[in-house]
Amino acid sequence: IPPGSNRRSQPEKRWVELFDELDLNSDGVIDIHELRVGLAKRGLSRRAVDRVSSQRGDSNNDGELDFQEFRQYLRSHEEELRLMFLSLDRNNDGEIDVSEIQQSLQTLGIAVSLKEAGTIMKSIDRDGNMTIDWDEWRDHFLFNPIHSLEDISRYWKHSHMLDIGDNLTCPDEFSEQEKKSGFVWRQLMAGAMAGSVSRTGTAPLDRLKVFLQVHGSTPGNPAGALGVGNMVSGLRAMVKEGGFSSLWRGNGVNVMKIAPETAIKFWAYEQIKRWMRGSKERGPLRVHERFVAGSLAGATAQTAIYPMEVLKTRLTLGKTGQYTSVLDCARQILHREGIMAFYKGYVPNIIGIIPYAGIDLAVYETMKNAWLARHTDSADPGVVVLVGCGTMSSTCGQLASYPLALVRTRMQAQASVKGGPQLSMLGLFQNIVTQEGVAGLYRGIAPNFLKVIPAVSISYVVYEHMRKVLGVERCR
């Protein structure tokens, strides 16, 4: 544009309009507050806004964007977006269609179905013609701090690992590039740390649940003397017997088993997926295939770490001074009961994985897809929706598998109850139903449900913080 000329290019006019729109007080500069307010209306998070202002826009670091800085950011970013658009437009017709999105993501090692690619398409396609032209692409990503196709792929595919203290669900599929870069293990580490803090925060409710499962119906035994007849008296009795710190008895092992369980489950999930796909290149696993893969991966992980489950139960039920350490507990069990004691309750535990994994996955997929069907303008349900779906699906899974979890815990604890019978899985089921009724199969489920909301909340907060610390940032 020649000096003094009133003519502006089309991009220049658009940039001026955008600048005027964001410059709320019309003082010729955009400060952080104005940027956050303006871009929040476009659906961008505060984290993304801060990246735009600090990393790419505010070149002189004065905390404000003048028009020259604003224009330079947009010019540079549009050039990057143009290159990405051309890479995705494989047939060079000036538009991106559903198959091109699918093919491009598969090239990056991310398998998506045509239906999933269509959902992505709808979030960008403003005119509803099921193609994305340059204007739609540019406007959608203009203020999103993404600089490569890998960034785009992470924007379209988010992974969350929320641990409510009982089961770790297998994470979503990761691309080969994410695996090679170490992204996966940073993601898993963030999830493991979140699970550790979450389980520690809800440990008193977990210990109360175990006591109610094992001793809640037999007031004549030692645990009955502790008054574990209801939650309030149970918590008071535990504090009276061993002090306030006794509420966390057994939590150490519960935390220790997170890392190996997570690693083994993820490794097994990847191997099983590879086996199920065979040598053929194909899209993502279907829901029933993910259920099978998740169940088998969970069974593999549980088989490897199951002795730690037994140790956790014995330490949780132990009295003050009964065990001096985890190793002492293991030594006593081995000396008195033999090596097979470390796998007591293994069968109901493995069987319980199937209804838990199946119902958890089915409810999660159903709720998430129902939300996406009602909100066709978005490919990303967002954190609140995903956490809500996860909470409900996990709760439903627990309802289905809880009787097996209760029988497992009682089998693990049988030897710790003096004079108690050593019943089989079927014998315990029959005994519980005969003496306590069907309701007895759900003894202790109240504190288990009470811990779901705080566990999910703590897990999410810590998970997000650890993602920042470890450099595992979402692009949005």
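# Worked exercises on a predicted model

At 63% relative accessibility, Leu-426 counts as exposed, because the cut-off for exposed is over 50%. Keep in mind that this is a predicted model. Leu-426 also gets us started on the exercises below.

**Exercise 1. Place Leu-426 in the fold: which helix holds Leu-426, and how far in space is Leu-426 from Pro-348?**

Step 1. Look for the helix. Leu-426 belongs to α20, which covers residues 425–436.

Step 2. Now check the partner. Leu-426 and Pro-348 sit 78 residues apart in sequence, and their C-alpha atoms are 9.6 Å apart in space.

**Exercise 2. Find the largest nonpolar core: how many residues does it have, and which helices each supply at least two of them?**

Step 1. Count first. The largest nonpolar core has 16 residues.

Step 2. Pick out the residues with the most contacts inside this core: they are Leu-81, Ile-96, Ile-101, Ile-132 and Trp-137.

Step 3. Go to the helices. At least two core residues come from each of α4 (67–88), α5 (98–107), α6 (114–124) and α7 (134–141).

Step 4. Don't stop there. Another core, with 14 residues, lies apart from this one, and its members include Trp-15, Phe-19, Tyr-73 and Phe-143.

**Exercise 3. Take Arg-138: is it buried or exposed?**

Step 1. Locate it: Arg-138 is in helix α7.

Step 2. Compare its value with the cut-off. Arg-138 has 7% relative accessibility, so it counts as buried, since buried means under 20%.

Step 3. Look across the chain. Arg-138 and Phe-85 are 53 residues apart along the chain, with 8.6 Å between their C-alpha atoms.

**Exercise 4. Examine phi at Asn-92 and Met-130: what is the value for Asn-92, and what is it for Met-130?**

Step 1. Start with Asn-92. Its phi is near 55°, which is positive even though the residue isn't glycine.

Step 2. Find its spot. Asn-92 sits in the loop between α4 and β3 (95–96), and at 64% relative accessibility it counts as exposed.

Step 3. Do the same for Met-130. Here phi is near 60°, again a positive value in a residue other than glycine.

Step 4. Find that spot too. Met-130 is in the loop between α6 and β4 (132–133). With a relative accessible area of 33%, Met-130 is partly exposed.

**Exercise 5. Check helix α15 (258–277): does its span agree or disagree with 1.5 Å a residue?**

Step 1. Get the expected span. The 20 residues of α15 should span 28 Å, because the rule is 1.5 Å times one less than the number of residues.

Step 2. Compare. The end C-alpha atoms of α15 are 28 Å apart, so the two agree.

Step 3. List some buried residues of α15: among them are Ile-258, Glu-261, Thr-262, Lys-265 and Phe-266. A handy idea for reading such a list: an α-helix has 3.6 residues a turn, so residues three or four places apart point the same way.

Step 4. Look past the end. Gly-278 follows α15 and has a positive phi, near 70°.

Step 5. Try the routine on α17 (residues 326–337). Its 12 residues should span 16 Å, and its end C-alpha atoms are 16 Å apart, which agrees. Just after α17 comes Gly-338, with a positive phi of about 90°.

**Exercise 6. Describe the second largest cavity: how much space lies in it, and which residues line it?**

Step 1. Think about how such space is found. Rolling a probe the size of a water molecule over the atoms shows where empty space is left.

Step 2. Count and size up. There are seven cavities of 30 Å³ or more, and the second largest holds about 60 Å³.

Step 3. Name the lining: Lys-209, Val-210, Gln-213, Glu-309, Lys-312, Thr-313, Arg-408, Thr-409 and Gln-412.

Step 4. Sort the lining residues. One is nonpolar, four are polar and four are charged.

Step 5. Trace them to helices. α11 (203–215), α16 (287–317) and α19 (383–413) each supply at least two of the lining residues.

Step 6. Follow one lining residue, Glu-309. Its side chain makes a polar contact of 3.1 Å with the side chain of Lys-257. Lys-257 is in the loop between α14 (251–256) and α15 (258–277), and Lys-257 is buried, with a relative accessible area of 3%.

Notes
Residues are numbered from 1 along each chain as its sequence is written. This is a predicted model: local features need pLDDT of at least 70, side-chain atom pairs count only at pLDDT 80 or more; totals for chains, interfaces and linings use all residues. Side-chain values use heavy atoms; hydrogens and water are left out. A nonpolar core is a set of buried Ala, Val, Leu, Ile, Met, Phe, Trp, Tyr and Cys residues joined through side-chain atoms within 4.5 Å. Buried means under 20% relative accessible area, exposed over 50%, partly exposed in between (1.4 Å probe, protein chains only). Helices (H or I, at least four residues) and strands (E, at least two) are DSSP runs, numbered from the N terminus. On a 1 Å grid over the protein atoms alone, a cavity is a set of points where a 1.4 Å probe fits but cannot get out, and a pocket is an open set with protein on both sides within 12 Å along at least five of seven lines; lining residues have an atom within 4 Å of a point. Grid points are joined across faces, edges and corners, and a volume is the space filled by probe spheres set on the points. Ala, Val, Leu, Ile, Met, Phe, Trp, Tyr, Cys and Pro count as nonpolar, Asp, Glu, Lys and Arg as charged, and the others, Gly among them, as polar. A polar contact is a pair of N or O atoms within 3.5 Å; within protein, one must be able to donate a hydrogen and the other to accept it, and residues adjacent in sequence count only if both atoms are side-chain atoms.
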